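Colleague: Before I rely on the vocabulary used for this model, I would like to go through the terms one at a time and hear what stands behind each of them.

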Amino acid sequence: MDRLELTPIDLRGAEKIKGDVAAFARQPNGGLFVTTSARATAQRELIIALAAQHRLPAMYPYRYWASGGGLLSYGPDPTDNYRRAADYIDPILRGEDLSRFLATAEPDAVHGQQLFSERCAACHALDANKTGPMLGAIFGRKSGSVPGYTYSPALAEAGISWSADNLDRASRKPSLPTDRRRPGSKAGMNATSVAESRIYATGGVL
Ligand code: HEC
C-alpha cells in the first residue's frame with residue numbers, strides 16, 4: 001500500500017470541525033473516515049455537508065449517514081436491528097414459547113461453555129458427579145441413570161431420554177423432575193432459560 005497518513009479531526013464543537021476539515025481538505029488526495037463516535041454522530045449533518053463542500057470522499061459508520069446524504073457507510077443499520085428486535089421481544093412479552101427461534105439458532109460452543117461455567121458448573125462437572133450428576137455425554141442418556149449418583153425418586157423414576165427437546169422442556173416446565181419447585185426434586189434447573197439450555201445442547205457442551 002502507498003503511504004497512508006492519519007490526520008485526526010477535533011470533534012469538540014462545530015467551529016473546530018469546520019476548521020480542521022478545511023485545513024485537511026487543502027492537502028491533496030484526502031478522504032474522511034468517520035468512526036462510531038457520539039461526538040461525530042451529534043455533528044452528523046455538518047460533517048456530511050463539509051465533506052460535500054470540500055469534495056472529500058467519505059466513509060461513515062452507519063447506514064443513516066449514507067441515507068442522510070453521505071457517500072458510503074461501512075457498518076450495519078442499527079435502526080433496522082431495533083425494528084427486528086421487536087419480532088423477538090413481542091412473543092416474549094406475550095409469554096410465547098421461543099423454540100421456533102431456537103430451532104434455527106446457530107450452535108455457539110463458546111457462549112455455551114461460558115453459560116455452563118456461570119450457571120451449571122457450581123453443581124455439575126462433565127466428567128464426575130458433584131452436587132448434581134455428571135453431565136458429559138448426556139444426549140440420548142436415560143434420566144437419573146449416572147452410576148454412583150443418588151437421585152431424587154422423582155428423577156430416578158422419570159424415564160426421560162435426554163434429547164435437546166427434553167432438556168429445553170426440563171429447563172422451563174416446573175412439572176419435570178429436575179425442577180426444584182416440584183415436590184420430590186432434589187435440585188433445580190429452573191433458573192435456566194430455554195434459550196440457555198438450547199445453547200448448551202447445540203453448542204455440544206453437554
Ligand atoms: C444448585 C445446583 C445445581 C445447578 C446450579 C444446576 N444443577 Fe442440574 N442438577 C442438580 C441436581 C442436584 C440434580 C439431580 C436432581 C434430582 O436427582 O432430582 C441435577 C440434575 C440435572 C440433570 C439431569 C441429569 C440426569 O442424569 O438425569 C440435568 C440434565 C441437569 N441437571 C442440567 C443442568 C444444567 C444444564 C444446569 C445449568 C444450566 C444445571 N443443571 C444447574 C443440581 C444443579
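**Terms and their grounds**

Modeller: Just after α3, Arg55 takes a positive phi of about 55°. Please keep in mind throughout that this is a predicted model.

Colleague: What makes one face of α3 the buried one?

Modeller: A residue is called buried if 20 or more other C-beta atoms lie within 10 Å of its own, and in α3 that term applies to Ile47, Ile48, Leu50 and Ala51. Seen down the helix axis, the buried residues of α3 fall within an arc of 160°, and therefore they line one face. The face turned away from that buried side carries Glu45 and Gln53, which are exposed.

Colleague: What covers the buried residues of α3?

Modeller: The cover includes the helices α1 (14-25), α2 (38-42) and α4 (63-67), together with the strands β1 and β2.

Colleague: Why is the largest nonpolar core called a core, and which element gives the most to it?

Modeller: The term requires buried residues of nonpolar kinds, joined through C-beta atoms within 7 Å, and the largest such set has eleven residues, among them Val21, Leu32, Val34, Tyr62 and Trp65. Two or more residues come from each of α3 (44-53) and β2 (58-60), and α3 gives the most, with four residues. As for Trp65, leaving aside its neighbours within four places in sequence, its contacts are Arg44, Ile48, Tyr60, Gly70 and Ser73.

Colleague: How do you know that β1 and β2 pair?

Modeller: Pairing asks for at least two bridges between the strands, and two bridges join β1 to β2, which run parallel, so the condition is met. Within this pair, Phe33 stands opposite Met59 in β2. The three strands form an open sheet with parallel pairing, in the order β1-β2-β3. Because β1 (32-33) and β3 (72-73) each have a single partner strand, they stand at the edges, and one side of each is left without a neighbour in the sheet.

Colleague: Why is α5 said to lie largely in the open?

Modeller: The number of buried residues among the 16 of α5 is zero, and so the helix is described in that way.

Colleague: What span and what bend does α5 have?

Modeller: From its first C-alpha to its last, α5 (residues 78-93) reaches 22 Å, close to the 22 Å expected at 1.5 Å a residue. There is nevertheless a bend of about 30° at Asp87, with a proline, Pro91, following within four residues. After α5 comes Gly95, whose phi is positive, near 75°.

Key. Residues numbered from 1 in each chain as written. Predicted model: local features only at pLDDT ≥ 70, side-chain atom pairs only at ≥ 80, totals over all residues. Buried ≥ 20, exposed ≤ 12 C-beta atoms within 10 Å, placed from the backbone. Contact = placed C-beta atoms within 7 Å. Expected span 1.5 Å × (residues − 1). Bend = angle between axes of the 7 residues up to and from the residue. Arc of directions from axis to C-beta.
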